[in-house]
Amino acid sequence: MGGAGAPEWLIREDAGQPVLLALYLRQVLGIRSPEELPHLRGIPPRANDRSEEAQATLERQWRLYWAMTVEPQAHPSTVPLDLVDGFDTALALPIEGCDELRAAFVPHASEALAFARAAHDRYRKEASHSTGTAYRAYAGAIAEHERQVGRRAHSFELNVQVLPLSQRGVWWIGSLTVAVTDGLRGDVAAFDTAIHPIIAELA
């Protein structure tokens, strides 16, 4: 985006099914990571009845899976991936080192898939009604940043995951990826204020 020779910025916005699936499973399994990210709305968190050792194992395996899900190109698996039973082609885990997580995921497959698909479809439906406003929201924040710093924005990439989280806000979930609450994303003025520090950090 921008003319020849000008800095370019690329912003991808989605409510990605892999991320929604991961967060649903995080919640029903009682995984804490990432601790700063709020829970999804309407999904009761699990009361944790595991031993500390079992919990630590799941948390460790979860962090690997989460990084691969949020930014797969930056966090490729060192071993081949294998599909997890019950998730069609929506979820794959490394063939080694994730046995406990794989076993914990399987009983939740149908509910997790249904949630992720419904939330993704809802986002797509809402996004289709506001064609062009997504681009304008980011272009406006970049233009404001350029005015404040007195120069063109540097080239950058940003991935934005619009999620049905229980708290309103924006959180970094990867080196180039933020999560934003769907309600905040739908509030033009509040979103502009919230996304500006993210743009300033990158541009």
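Ile11 of strand 1 and Leu158 of strand 4 are bridge partners. In this predicted model, strand 1 (residues 9-14) and strand 4 (residues 156-163) run parallel and are joined by six bridges. Ile11 also belongs to the largest nonpolar core, where it is among the residues that touch the most other members. The points below treat the sheet, its individual strands, the core, helix 7 and one buried loop residue.

**Sheet architecture**

- Four strands form an open sheet of mixed pairing, in the order 1-4-6-5.
- Strand 1 and strand 5 occupy the edges with a single partner strand each, so one side of each has no neighbour in the sheet.
- From one strand to the next, the twist averages 25 degrees.
- Strands of a sheet pair through backbone hydrogen bonds, in either a parallel or an antiparallel sense.

**Strand 4 and its pairing with strand 6**

- Strand 4 is largely enclosed by the rest of the structure, because seven of its eight residues are buried.
- Strand 4 runs parallel to strand 6, and five bridges join the two.
- Along this pairing, Asn159 stands opposite Thr177, Val160 stands opposite Val178, and Val162 stands opposite Val180.

**Strand 6 and the hairpin with strand 5**

- Strand 6 (residues 177-181) is mostly covered, with five of its five residues buried.
- Thr177, Ala179 and Thr181 point one way from strand 6, while Val178 and Val180 point the other way; all are buried.
- Strand 5 (residues 170-172) pairs with strand 6 in the antiparallel sense over three bridges.
- In this pairing, Trp171 stands opposite Ala179 of strand 6.
- The connection from strand 5 to strand 6 is a hairpin through four residues.

**Nonpolar core**

- The largest nonpolar core holds 58 residues, and those touching the most other members are Ile11, Tyr65, Trp66, Phe87, Leu91, Phe105 and Ile199.
- Helix 1 (residues 17-29) gives the most to this core, contributing nine residues.
- In soluble globular proteins, nonpolar side chains tend to be buried together.
- Beyond its neighbours within four places in sequence, Phe87 is in contact with Leu21, Leu25, Phe105, Val106, His108, Ala109, Ala112 and Leu113.
- Of these contacts, Phe105 is itself listed with Phe87 among the core residues that touch the most other members.

**Helix 7**

- Helix 7 (residues 188-202) comprises 15 residues.
- From its first C-alpha to its last, helix 7 reaches 21 Å, close to the 21 Å expected at 1.5 Å a residue.
- Helix 7 has a kink of about 30 degrees at Ile195, shortly before the proline Pro197.
- The buried residues of helix 7 include Phe191, Ile195, His196, Ile198 and Ile199.
- Ile195 is thus both the site of the kink and a buried residue.
- Ile199 also appears among the core residues that touch the most other members.
- An α-helix has 3.6 residues a turn, so residues three or four places apart point the same way.

**A buried serine in a loop**

- Ser33 lies in the loop between helix 1 and helix 2 (52-70).
- Ser33 counts as buried because its relative accessible area is 11%, under the 20% cut-off.
- Leaving aside neighbours within four places in sequence, Ser33 is in contact with Arg26, Glu59, Trp62 and Arg63.

How values were computed: Residues are numbered from 1 along each chain as its sequence is written. This is a predicted model: local features need pLDDT of at least 70, side-chain atom pairs count only at pLDDT 80 or more; totals for chains, interfaces and linings use all residues. Side-chain values use heavy atoms; hydrogens and water are left out. A nonpolar core is a set of buried Ala, Val, Leu, Ile, Met, Phe, Trp, Tyr and Cys residues joined through side-chain atoms within 4.5 Å. Buried means under 20% relative accessible area, exposed over 50%, partly exposed in between (1.4 Å probe, protein chains only). Contact means heavy atoms within 4.5 Å. The expected span of a helix is 1.5 Å times one less than its number of residues. The bend at a residue is the angle between axes fitted to the seven residues ending there and the seven starting there. Two strands pair if DSSP finds at least two bridges between them. Axes are lines fitted to C-alpha atoms, for helices over the stretch in contact, and angles run from 0 to 180 degrees between N-to-C directions.
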